[in-house]
Amino acid sequence: MKTPSPGMMAAGLIGLTGIILVSIGAPSSRKAPAPISETSEPAPPTSVSARGFSLASTSVDLPVDDATYPDGPHADVINANCTSCHSASMALTQPALSADQWKATVTKMREVYKAPVAEKDVDAIVAYLTAMPSQKAAPATGKAQDPDPKVAPDVSGGTG
């Protein structure tokens, strides 16, 4: 069998390209795909069951909390450390606590919940929290969140 010349190969390639283009057709001859509307997709299932277990989905609307820590000494430290895990409202709405109680709370955040707070920042955070206006309005009568800052709180709901 004789090897085809480059001219024959080019002619064959041009012919094959022509056949493909004719079979595809002109761009104006194709139908546009049906537009996808939001109502055309089926709603996702609200529950799934298998092997005697059912899981139901639900929608939760979380509140928007745009509160920020007020300016003051060490505000940059508390904003850099505490707001990575929770909103400012979490601390701003706490009852008046003593410096020791705030330190126990911050220690619990670091050691139990593994908050990325440097040891060098603890005193500045405690100083800021005890200087908040809501803390000065009443004497420190609040209860520290947990008596032992190295133990996670009991959230089982049981009494005891």
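The lining of the largest pocket is made up of 13 nonpolar and five polar residues, with no charged ones. This is a predicted model, and the pocket comes out at about 310 Å³ in volume. Of its 18 lining residues, those closest to the centre are Cys82, His86, Met90, Thr105 and Met109. Three helices each put at least two residues into the lining: α3 (88-92), α4 (99-111) and α5 (119-131). The top contributor is α4, which gives four residues.

How much trust does the predictor place in all this? The protein averages a pLDDT of 80, and 78% of the residues score at least 70. Among the elements, α5 has the highest mean pLDDT, at 94, while helix α6 (residues 133-136) has the lowest, at 70. So α5, one of the helices that supply the pocket lining, is also the element with the highest mean confidence.

Back to Cys82, one of the residues closest to the pocket centre. Which cysteine has the sulfur closest to that of Cys82? That would be Cys85, but the two sulfurs are 8.2 Å apart, and because a disulfide needs them within 2.5 Å, this is too far for a bond. Cys85 is in no disulfide either, and a search of the whole structure turns up zero of them. The two cysteines also differ in burial: Cys82 is buried at 14% relative accessible area, whereas Cys85 is exposed at 54%.

Now for the strands. β1 (residues 47-50) and β2 (residues 53-56) run antiparallel and are joined by four bridges. Val48 sits opposite Leu55 of β2. Together the strands make a hairpin with two residues between them, and Arg51 is in the turn.

Arg51 brings up a backbone point. Most residues other than glycine have a negative phi. Arg51 goes the other way, with a positive phi near 50°, and Lys114 does too, at about 60°. Where do these two residues lie, and are they buried or exposed? Each is in a loop, as the table shows.

| Residue | Phi | Loop | Relative accessibility |
|---|---|---|---|
| Arg51 | near 50° | between β1 and β2 | 84%, exposed |
| Lys114 | about 60° | between α4 and α5 | 61%, exposed |

Both count as exposed because their relative accessibility is over 50%. The Lys114 loop connects back to the pocket story: it lies between α4 and α5, and both of those helices supply lining residues.

Note on methods
Residues are numbered from 1 along each chain as its sequence is written. This is a predicted model: local features need pLDDT of at least 70, side-chain atom pairs count only at pLDDT 80 or more; totals for chains, interfaces and linings use all residues. Side-chain values use heavy atoms; hydrogens and water are left out. On a 1 Å grid over the protein atoms alone, a cavity is a set of points where a 1.4 Å probe fits but cannot get out, and a pocket is an open set with protein on both sides within 12 Å along at least five of seven lines; lining residues have an atom within 4 Å of a point. Grid points are joined across faces, edges and corners, and a volume is the space filled by probe spheres set on the points. Ala, Val, Leu, Ile, Met, Phe, Trp, Tyr, Cys and Pro count as nonpolar, Asp, Glu, Lys and Arg as charged, and the others, Gly among them, as polar. Buried means under 20% relative accessible area, exposed over 50%, partly exposed in between (1.4 Å probe, protein chains only). pLDDT is the predictor's confidence in each residue, from 0 to 100. Two strands pair if DSSP finds at least two bridges between them.
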